[in-house]
Amino acid sequence: MGMGGGTVTIPLLTLVGGVEQKIAQCANLFAFLPMSIGALKTHAENGLLKTRGIGWIILPALLLSVAGATAAAALPSAVLAKAFGAFLIGLSFFSFLSALRG
């Protein structure tokens, strides 16, 4: 589907579990770390990693990750919840259009 587990995990934690938005996002990020390490190891073992040009991606990714984490820490949970909801609505809209195109 092209979506990560966070599109399910975060709403479930907040809506069903009553967990604060920031805590749900943090839990999702911590769950992502071991899974991504396992996926990276598997792809490396199968020779599926393409490392050419990766340097141009690493620095901006690190900088934007720090900026996003700083913004998330500063924003109230209600703002994060509404922004994530808007993101999910937009994602579902584009996924629906993509499915119609075949």
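Start by colouring the chain by burial: of the 102 residues of the protein chain, 11% count as buried (buried means under 20% relative accessible area, exposed over 50%, partly exposed in between, with a 1.4 Å probe and protein chains only). You are looking at a predicted model, in which local features need pLDDT of at least 70 and side-chain atom pairs count only at pLDDT 80 or more, while totals for chains, interfaces and linings use all residues. Residues are numbered from 1 along each chain as its sequence is written, and side-chain values use heavy atoms, with hydrogens and water left out.

**The whole chain**

Now switch to a cartoon view. The protein chain shows four helices and zero strands, in the order α-α-α-α along the sequence; here helices (H or I, at least four residues) and strands (E, at least two) are DSSP runs, numbered from the N terminus. Zoom out to see the overall extent: the C-alpha atoms fill a box of roughly 40 × 35 × 25 Å along the principal axes. The radius of gyration of the protein chain is 16 Å, whereas a compact globule of 102 residues would have one near 13 Å (taken over C-alpha atoms, with the globule rule being 2.2 Å times the number of residues to the power 0.38). If you turn on contacts (heavy atoms within 4.5 Å), then among those between residues at least 6 apart in sequence, 56% join residues at least 24 apart.

**First stop: T7 and N28**

Select T7, in helix α1 (residues 6-16). Is T7 buried or exposed? With 18% relative accessibility, T7 counts as buried. Show its surroundings and, leaving aside neighbours within four places in sequence, you will find T7 in contact with F84, L88 and L91.

Next, pick N28 in helix α2. N28 is also counted as buried, at 19% relative accessibility. Which residues does N28 touch, not counting those up to four places away in sequence? They are G5, G6, T9 and I10.

**Second stop: the second largest pocket**

Keep N28 selected and add I10, Q25, L29, F32 and F84: together these six line the second largest pocket. A pocket is defined on a 1 Å grid over the protein atoms alone, as an open set of points where a 1.4 Å probe fits, with protein on both sides within 12 Å along at least five of seven lines; lining residues have an atom within 4 Å of a point, and a set from which the probe cannot get out is a cavity instead. The space in this pocket comes to about 160 Å³, where grid points are joined across faces, edges and corners and a volume is the space filled by probe spheres set on the points. Helix α2 gives the most to this lining, with four residues. Colour the lining by class and you get four nonpolar, two polar and no charged residues (Ala, Val, Leu, Ile, Met, Phe, Trp, Tyr, Cys and Pro count as nonpolar, Asp, Glu, Lys and Arg as charged, and the others, Gly among them, as polar).

**Third stop: the largest pocket**

Now select K22, Q25, C26, L29, F30, F32, L33, A69 and A72, the lining of the largest pocket. Its volume is about 190 Å³. Both α2 (21-45) and α3 (55-74) supply at least two residues of this lining, and α2 gives the most, with seven. By class, the lining has seven nonpolar, one polar and one charged residues.

Stay on K22, which sits in helix α2 and is partly exposed, with a relative accessible area of 27%. Apart from neighbours within four places in sequence, K22 is in contact with A72, A73, L75, P76, S77 and L80. Draw a C-alpha to C-alpha distance from K22 to T70: the two are 48 residues apart in sequence and 12 Å apart in space.

**Fourth stop: W56 and T42**

Go to W56 in helix α3. W56 is exposed, at 76% relative accessible area. Its C-alpha atom is 25 Å from that of F30, 26 residues away along the chain.

T42, found in helix α2, is partly exposed at 40%. The C-alpha atoms of T42 and I57 are separated by 21 Å, with their positions 15 residues apart along the chain.

**Last stop: aromatic rings**

How many aromatic pairs does a search of the whole structure find? The search finds two. For one of them, select F93 and F94: the ring centres are 5.5 Å apart and the planes are at 75°, so the pair is edge-to-face. Rings of Phe, Tyr and Trp (its six-membered ring) pair if their centres lie within 6.5 Å; planes under 30 degrees apart count as stacked, over 60 as edge-to-face and the rest as tilted. F93 is partly exposed, with a relative accessible area of 47%, while F94 is exposed at 57%.
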